[in-house]
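Biologist: I am new to this structure and should be grateful for a close look at a single part of it. Please begin with that part and then place it in its surroundings.

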Amino acid sequence: MATPAPYIGELEQLVLLAILQCGDEAYTVPIRGVLMERSRRRLARGALYTSLERLEAKQLVTSRLGQPLAIRGGRARRYFSVTPAGLDALRDARQAITQLSQGLEALLEKR
Amino acid sequence: MAPPRLASRIVHWAARRLSWGEMATGDLAEEHSVIAERRGTARAGLWYWGQALLLVLGAGYRAAIEAATAIRVLLSLGDRPMTTLLNEVRVACRALTRYPLITAAIVLTLAIGLGVNAAAFSQLDALVLRPFRLPDIDRLVVVSEWSEENSSPHDAKETVSPANFFDWKSQTRTIDHLSAYTWWQINMSGGDEPERVQGFQVSGDFFQALNVTPALGRLLNERDTAGGPHRVVVLGYGLWKRRFGARTDIVGQTIKLDGNSYDVVGVAQEGFDFPLSAALWGPIDASPELVQERRDRYFTVLGRLSPERSIHDAQADLTVIGDRIRREHPVENRRYRPLVQSFTFGMIDPGIDQILGIVQIGALIVLVIGGANVVNLLLARGWDRRREMALRLAIGAGRVRLLRQLLVESMVLAAIAIPVSLAFAWAALNLLKSAMPARILPFVPGWNDLGIGGRLVLVISATAMIVSMLLTIFPALQAAKSDVVAALREGGRSVAGGRSGRVVRSGMVVLQMAVALPLLVASGLAASAARDFALGPQGYDPNGLVTMRTVLVESTYPDAVSRRLFAERLIDGASRLSGVEAAATASFVPSGDSNASRELIIDGRADEGPDRRPTAPYRTVSPRYFETMRIPVSAGRSFTSADNADAMPVAIVSQALASRIWPRENPIGRRLKIGGAEDQRWMTVVGVCGNIIDDWYSRRNSPMLFVPMSQRPTYIVNLVVRAAGDPALLSGELRQVLKSVDPSQPPVHVTTMTTMVRERTVGLRMIASIMGVLGVLAVVLAAVGLYSLMAYHVAQRRHEIGVRMALGASQITVIGQTVRRACWLAGAGVLIGLVPAWLVRGLLRNIFFNVSAQPELYGAIVLALVAIAIIASIVPARQASKVDPAVTLRSN
């Protein structure tokens, strides 16, 4: 039996989704931009970084460093990508939401 | 586009310890350049600064959390903190009860040390730091004038001339409600008995300056002073309750003061009796003459700093105004400059802060000496407990935990000592309060607030905790350092605490001696000053004298003849009483509450103007005054009844005045006159009398000028009567004599002269007693310290002494060694202490004027300390000499 994907919180779900949305350009600046734009909420810089570190520790994302850039004061961008385990975790979370929402469509429908 | 350099550095610094610091720094730089491109550099810079600030705040928050966690971990070592603490308190209590004698000794020593400090601090707080309880007192200032000829403004400040006050008031831009007050002692008649009442005349906005509200009616205002005289008064709350039975219809009624009718316009709020226990307040009569008065200085001036103005602004402002006044009126103001001081500092008697400061230092010295004993006791106990400590270390307790346990023990000791010390202080303060005579009480603002208050409890508790922690640190470190193996080995023999413990213990004894010496010198000097002024020769014989004062009312006694007749009838009536040897009157008697001085113009010398003339205390006395007082007239003659208003004006000078004005010349027959007086006739000196102590505070041997009462009768009449028997028995009859002469004249201070002297010197005697008590405590504690050190030293060396004696050392040699060691320690301490002891004299010289070098005092104290060292070491030394070598050697 396959081990169940680890539980992830709401912010972690949002971060994973934002990474997927950014595709090849998934480094911290656009991740935070996409997340704040689409979820329409403020996200503290530190909170994003800590979430990313946590997701990496749980092996739900991996990261690689790009080339050092002048625009970043000589620092490299760190690009993130979602691992298969990360995708599983997202699917599980989504499924849980879907199942729990069944029969409540009328209530949850946006008016 | 690079971000602002400073902000960038701040970002680096704040991000340096974060795991995501690199990422954040890079992102911020990148986002900055994007914003700069879109919205311009300025906006981007501002944004970047905002981000830097957020990072710094975050870093600070995280550091605080980390520190708090670390402290929690240290305190609880992983347990729940409260449970751990309670456990440790329980363990500490058990440990302390295991050594009940040592615990009791430590608590008692701490309680004595803290108790004297509590009593001293209570005095300092009540009399120096917060003697006046007035609303918003921090904004109140006192403005006085100081004479440049004196070195320190605080010592040389004087009251202000009315004209200068009115000029300041109209010109200052930094002080609101600048107001003045002056003494106004009045006879209040009506009711059963006439009464002498302490009042004050105040300028219009006196009450506004002090922010006082009326309990009834209204207070005085500017309309009451201008275009006067206005006969209105405000009653003090106390007087209103006592004399008028707290009648609410008193407002609008008329009362008789000095024979004149005054309307009562209001009653001041309860508790307000400023200045000097004032019983009522009337308005200053701002007549045109008063507004022009620049020579006499008798206004005390206070005010409230304007909003946003500091005391320095006010001083600068007043200095400019003062310079202007000096240019316009140079004769009267040549020497004087305005001085702005905080209300509390400006109002307390100069010197009282120094006196009580010295008392507080003395109390701290007692605490230090006691503390040294506590350290020694803890070290000794630590040595006894080394097995316990070693065991606990061996079964896994950390050294930090042991250290913490010992600190908790010290806290428990402090917690027991605090209430005991407060009880000591309470008893001592009550003793002091009961010793203060009612006559002096009004002159000591804050005295009624002496006692144990919340502030004192806080200060003493904090001191107790800190002191007890400090005292425990070294012994605790020693104990926690225990060598597990050596301590557990049965019969292990080493010196307690090792070499450092020995050095610290000896050092404590040296320290005790070194700090005890200056304290003892201060006690000795204060005692000798008190003895000189209060009990020593006064220059007259106070024994057998009784005195009574009354102050004549101008409306009843408008001229010199009526005043002279009053005095003569009073003397006559008193002389007729049985048991009276002699009677006389004087304008002022020694050790009284008030004084008067006059400027002197000397015949044959150039008069250099009002502010350059010599001045001297001035007394108007009746013919038999010198005989009654037993003041020797050493040259010439005394006054006689022939020295009347029609005769040649004469004077008698004291020896001190004679030698100041006519050194190496015969003063008899010389002439002088009083500057500024109405009577400008020359007075011929007909006699020289001995010096007397008029007031200890104005030094011994102050020069003095006496003139005959018949030639210059005064309003103030002090009757002095020499009784054949007990003078106190005459007081009732003297009151009757006064009543028979004029029933409307109230008698004031009917008392014996010895009481007057005793009351007048009460402050000095109190300080001497307090210093004496501190000195005795210091000596006793130091002796106990030395004794316990030597006893411990002997107990530690029992074995060694046994060996020595087995090898042939005599008892005398053993005693000699122990005593010698004690003497060495005491001697070293005394040698170190001589330096501060010498400096103490300079300090005290400012306070007790006659403090001389007194080498014999120093010698006696040094000898006494060494003698105490010898006595304290004799008992342990004798014990050492009784060691039986055989027993000692066998026991090993």
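Modeller: The account below starts from one helix and then moves outward to the rest of the structure.

The model is predicted: local features are described only at pLDDT of at least 70 and side-chain atom pairs count only at pLDDT 80 or more, whereas totals for chains, interfaces and linings use all residues. Residues are numbered from 1 along each chain as its sequence is written, while chains are lettered from A and ligands numbered from 1 in the order in which they are written.

The part chosen is helix 7 of chain B, residues 162-171. Helices (DSSP runs of H or I, at least four residues) and strands (runs of E, at least two) are numbered from the N terminus. Seven of the ten residues of helix 7 are buried, so this helix is largely enclosed by the rest of the structure. Buried means that 20 or more other C-beta atoms, placed from the backbone, lie within 10 Å of the residue's own; exposed means 12 or fewer, and partly exposed in between. The buried residues are P162(B), A163(B), N164(B), F165(B), F166(B), W168(B) and K169(B). Their cover includes strand 1 (140-147), strand 3 (175-189), strand 10 (300-305) and strand 11 (336-342) of chain B, as well as helix 11 (288-292) and helix 12 (311-328).

Strand 3 of chain B, one of these covering elements, holds H177(B). The phi of H177(B) is near 50°, a positive value in a residue other than glycine. H177(B) is partly exposed, since 19 other C-beta atoms lie within 10 Å. A246(B) also has a positive phi, about 55°, although it is not a glycine. A246(B) lies in the loop between helix 10 (237-244) and strand 7 (254-257) of chain B, and with 13 other C-beta atoms within 10 Å it is partly exposed.

Further strands of chain B are paired (DSSP finds at least two bridges between them). Strand 6 (residues 232-235) runs parallel to strand 8 (residues 260-268), and four bridges join the two. In this pairing V234(B) stands opposite G266(B). Strand 6 is also joined to strand 9 (residues 280-283), by two bridges and in an antiparallel sense; there L235(B) has L280(B) as its bridge partner. The loop between strand 8 and strand 9 contains P275(B), which is joined to F274(B) by a cis peptide bond with omega about -10°.

The nonpolar cores come next; each is a set of buried Ala, Val, Leu, Ile, Met, Phe, Trp, Tyr and Cys residues joined through C-beta atoms within 7 Å. The largest has 164 residues, among which A516(B) and A778(B) touch the most other members. Helix 15 (residues 352-384) of chain B gives the largest share of this core, 20 residues. A second, separate core of 54 residues includes F166(B), I186(B), M188(B) and V301(B). Here the account returns to helix 7, where F166(B) is one of the buried residues.

Elsewhere in chain B, helix 28 (residues 811-845) contains V819(B), which is buried, with 20 other C-beta atoms within 10 Å. Leaving aside neighbours within four places in sequence, V819(B) is in contact (C-beta atoms, placed from the backbone, within 7 Å) with I870(B), S873(B), I874(B) and A877(B). The C-alpha atoms of V819(B) and A877(B) are 6.7 Å apart, although 58 residues separate the two in sequence.

Chain A has five helices and two strands, in the order α-α-α-β-β-α-α along the sequence. Of its 111 residues, 26% are buried. Between the chains, 13 residues of chain B are in contact with eleven residues of chain A. Helix 2 (residues 21-39) of chain B supplies the largest share of its side, ten residues.

Finally, confidence should be considered. The model scores ipTM 0.90 and pTM 0.68. The mean pLDDT (the predictor's confidence in each residue, from 0 to 100) of chain B is 84, and 92% of its residues reach 70 or more. Over residues 490-496 of chain B the pLDDT is below 50, and this stretch has eleven contacts in the model beyond near neighbours in sequence. Where pLDDT is low, predicted coordinates should not be read in detail.

Note on methods:
Contact = placed C-beta atoms within 7 Å.
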